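Here are my notes on this structure, as numbered points. Please read them with the model open beside you.

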Amino acid sequence: MKCPLCESTSYYKNGRSNDQQNYLCKNCGKQFFEPALPCSLEMDLLANSNGHTKVSMADASELSLVKNLLEEKIIEQGLGSFNFILAEELLQTILSPDCLESAVLSQLLLRIQQENEIRHKLEKGISLLLLDAENLKLDINSELFLASICKSPLQVKIAFANWKNLNIGKQDIELYNRGYQLVHVPEGKNSADAKMIAFGASILRSYPTVKEILVCSSDGILNHLCNELQNQGLIVYWVRRQGQNLHIDNRNTGKITYYSLSMATEVPSFEKVIEPIQDLIKTEEESINAKLNSLMDVATSFQERCEINIKHNLNHTEKDNSFVESIKDQEKQEDFTEISNRKILDKLLFKIIQDIHINSPQTKLSVSKLGTELRKITGESPNSIIKKLKLGSNFTKYLESSPTFTLKASRKEYEVTALFCE
């Protein structure tokens, strides 16, 4: 035993108070009581000794000293005087080499660590999987993907089926080797579903730390189980098969995830697909812009070396364009000249046929097409022009009687060709 103030081992008895031995330190004059072993600590020592290992009273005294110091300081100085000095004294006692190396402190720390681990597991919880093996088959890849969706570790897997059914094959052996608990149900319609609902409705009794649960079955009747588990505060995933995909519905958030059984991978959502495409398009645009900028640099450099006068070229181009436009205007004026006789009409028709033949050599020109082009130029209908010039009753008969043009029957219309034009 040591003086709580100066840690001196030189002291003598100084009477008793409240059935406790009082001591007086010879070194500093500090008066203190004999440290008593708390009942709870004594019980822990007896429980941990198992009748074989005895913990020394000196080790136990080091831990109980903290309690005695606290009580003594409060009595002597009052609650208002309990300050930093007392805290420093307590830390010096707890952190002393003898106290840190004692077996009692080691056992105390181990016990605290174990309780913290248990508390952490209770807070974090586990995930649980219920499988209707008669309705849905999960391979190892699908199971691992389902486990990755859950935030809590998947520790319990239970499969329901009539394992005597020959249609199941060796699925029971495979699931058992993967750590599943196999629950046998008698033969009957929806027997496995009914057992899953009965078992799942009271799942918290058997597994109080469960936080998330995977209900794996495509049968619609399992919707009732999902609702019940949600009402109990669990995060529920309803896993169903649709073709070659697993449809995983988070009943709490409404989020749906798809898993491809054939490709053994998650089917990305539309947003996940469109994002990389947009990135590729953006990258290509940046690449094209960079190439265009490089090309512009080369063109600028070439222009500087050859001393090309761009303004002069532009003016020259504008003059050329003006000249072309003037020619076109003259042609239009000539085209729109008033048709006063047969000779002018034939020349205009010949020019129309010639232009169409040059622009579209394979095109067969019909009488109606020729009349449409004539009307565009003159603003009058062909029959009106023929009657005005007194060249016949209609446009078709005029072409038949003219030595300049030849008509050839083609289906419902006549094909027009020009022989010559004076």
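1. Start with the open sheet of 3 strands. The model is a predicted one. The strand order is E1-E2-E3, and the pairing is antiparallel. Strand E1 (11-17) and strand E3 (31-33) stand at the edges. Each has a single partner strand, so one side of each is left without a neighbour in the sheet. Neighbouring strands here are turned by 35° against each other on average, direction ignored.

2. Look next at how E1 meets its partner. Strand E2 covers residues 20-25 and runs antiparallel to E1. The two are joined by 5 bridges. One residue to find is Arg16, whose bridge partner in E2 is Gln21.

3. Now the rings. The whole structure holds 5 aromatic pairs. One of them is formed by Tyr11 and Tyr23, and its geometry is edge-to-face. The centres are 5.4 Å apart, with 90° between the planes. This pair links distant parts of the chain: Tyr11 belongs to strand E1 and Tyr23 to strand E2, 12 residues apart. Ring pairs also bring in Phe32, giving a cluster of Tyr11, Tyr23 and Phe32.

4. Are Tyr11 and Tyr23 buried or exposed? Tyr23 has a relative accessibility of 9% and counts as buried, because the cut-off for that is under 20%. Tyr11 has a relative accessible area of 25%, so Tyr11 is classed as partly exposed.

5. Go on to the open sheet of 8 strands. Its order is E6-E5-E4-E7-E8-E9-E10-E11, and its pairing is mixed. Which strands stand at the edges? They are strand E6 (181-184) and E11. Each has a single partner strand, so each has one side without a neighbour in the sheet. From one strand to the next, the twist averages 25°.

6. Within this sheet, check E4 and E5. They run parallel and are joined by 6 bridges. Leu129 has Lys157 as its bridge partner in E5. Helix H8 packs on the sheet and touches E4, E5, E6 and E7. The direction of H8 makes about 160° with that of E4.

7. Stay with H8, which spans residues 191-201. Its buried residues are Ser191, Ala192, Asp193, Met196 and Gly200. What covers them? The cover includes strand E4 (126-132), strand E5 (154-161), helix H9 (203-206), strand E7 (210-216) and H10.

8. The packing of H8 against H10 deserves its own look. Helix H10 covers residues 223-231. The two helices pack at an angle of about 5°, with their axes 10 Å apart. That makes H8 roughly parallel to H10, because angles under 35 degrees count that way. On the H8 side, the contact is made by Met196, Ile197, Gly200 and Ala201. On the H10 side, the residues are Leu225, Glu228 and Leu229. Met196 and Gly200 thus appear twice: they are buried residues of H8, and they take part in the contact with H10.

9. Next, strand E10 and the loop after it. Thr257 sits in strand E10, residues 256-260. At 13% relative accessibility, Thr257 counts as buried. Which residues is Thr257 in contact with, leaving aside its neighbours within four places in sequence? They are Phe145, Leu246, His247, Ile248 and Glu266.

10. Ser262 makes a useful contrast. It lies in the loop between E10 and strand E11 (265-267). Its relative accessibility is 57%, so Ser262 counts as exposed. The C-alpha atom of Ser262 is 6.3 Å from that of Gln244, while the two residues are 18 residues apart along the chain.

11. One side-chain detail is worth checking by eye. Arg240 lies over the face of Trp238. The distance from the ring centre is 4.0 Å.

12. Last, the overall figures. The protein has 422 residues, and 30% of them count as buried. Its secondary structure comes to 16 helices and 13 strands. Consider the contacts with a separation of 6 or more: 52% of them are between residues 24 or more positions apart.

Definitions and conventions. Residues are numbered from 1 along each chain as its sequence is written. This is a predicted model: local features need pLDDT of at least 70, side-chain atom pairs count only at pLDDT 80 or more; totals for chains, interfaces and linings use all residues. Side-chain values use heavy atoms; hydrogens and water are left out. Two strands pair if DSSP finds at least two bridges between them. Helices (H or I, at least four residues) and strands (E, at least two) are DSSP runs, numbered from the N terminus. Axes are lines fitted to C-alpha atoms, for helices over the stretch in contact, and angles run from 0 to 180 degrees between N-to-C directions. Rings of Phe, Tyr and Trp (its six-membered ring) pair if their centres lie within 6.5 Å; planes under 30 degrees apart count as stacked, over 60 as edge-to-face and the rest as tilted. Buried means under 20% relative accessible area, exposed over 50%, partly exposed in between (1.4 Å probe, protein chains only). A charge sits over a ring if NZ of Lys or CZ of Arg is within 6 Å of the ring centre and within 35 degrees of the ring normal. Angles under 35 degrees count as roughly parallel, over 145 as roughly antiparallel, 65 to 115 as roughly perpendicular and the rest as oblique. Contact means heavy atoms within 4.5 Å.
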